[in-house]
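Colleague: Got a minute to go through this one with me? Put it up and we'll start with the cysteines.

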Amino acid sequence: QVQLVESGGGLVQAGGSLRLSCAASERTFRSYVMGWFRQAPGKEREFVAAVRWTGSTTSYAESVKGRFTISGDNDKNTVYLQMNSLKPEDTAVYYCAAKTSAFRASYDFWGQGTQVTVSS
């Protein structure tokens, strides 16, 4: 069982930056995919970004491309989400997630979430 703990959320003005971190309780294997999702009030949870340890393959939602960057440090069992040029519509609870294989449709492990609030 992998436990994920997010940190780095907070309140920021529009145009500002935040970096979220997600620490895993144990070493995640290179086949794992680490992802970030978010859920705004009254909306469904949506995909934000993902990274695969092997080859550092990344993917992003269209709404964050060019503004957010996902990266990982497997030695530290930590994945990051650098968020720049933040907009009020980025306000949400951000969740870290992991799945054991890129071929799996759903994620196996989830963090508790960290709040990001962007003021206009």
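Colleague: How many disulfides does the structure hold?

Modeller: One disulfide, taking that as a pair of cysteine sulfur atoms within 2.5 Å. Before we go on, this is a predicted model: local features need pLDDT of at least 70, side-chain atom pairs count only at pLDDT 80 or more, and totals for chains, interfaces and linings use all residues. Residues are numbered from 1 along each chain as its sequence is written, and side-chain values use heavy atoms, with hydrogens and water left out.

Colleague: Fine. Which residues does the disulfide join?

Modeller: Cys-22 and Cys-96, with S to S at 2.0 Å. Cys-22 sits in strand β3 (residues 18-24) and Cys-96 in strand β9. They are 74 residues apart, so the pair links distant parts of the chain. Strands here are DSSP runs of E, at least two residues, numbered from the N terminus.

Colleague: Left-handed or right-handed?

Modeller: Left-handed, because the torsion about the S-S bond of Cys-22 and Cys-96 is about -80°.

Colleague: And is Cys-22 buried or exposed?

Modeller: Cys-22 is buried, at 0% relative accessibility. Cys-96 is also buried, at 0%. Buried means under 20% relative accessible area, exposed over 50%, partly exposed in between (1.4 Å probe, protein chains only).

Colleague: Now the core. How many residues are in the largest nonpolar one?

Modeller: It has 30 residues. A nonpolar core is a set of buried Ala, Val, Leu, Ile, Met, Phe, Trp, Tyr and Cys residues joined through side-chain atoms within 4.5 Å. Leu-4, Trp-36, Leu-81, Met-83 and Tyr-94 have the most contacts inside this core.

Colleague: Which elements give two or more residues to this core?

Modeller: β3, β4 (33-39), β5 (46-52), β7, β8, β9 and β11 (114-119). There is also a second, separate core of five residues, including Val-33, Ala-50, Ala-97 and Tyr-107.

Colleague: What is Met-83 in contact with?

Modeller: Leaving aside neighbours within four places in sequence, the partners of Met-83 include Leu-18, Leu-20, Phe-68, Tyr-94 and Val-116. Gly-16, Ser-17 and Arg-67 are on the list too. Contact means heavy atoms within 4.5 Å.

Colleague: Switching to backbone. What is the phi of Asn-77?

Modeller: Positive, about 55°, although Asn-77 is not a glycine. Asn-77 is in the loop between β7 (68-73) and β8 (78-83). At 15% relative accessibility, Asn-77 counts as buried.

Colleague: And what about the phi of Ser-85?

Modeller: Also positive, about 50°, and Ser-85 is not a glycine either. Ser-85 lies in the loop between β8 and β9 (92-99). Ser-85 is partly exposed, with a relative accessible area of 41%.

Technical notes. Helix = DSSP H or I, 4+ residues; strand = E, 2+ residues; numbered from the N terminus.
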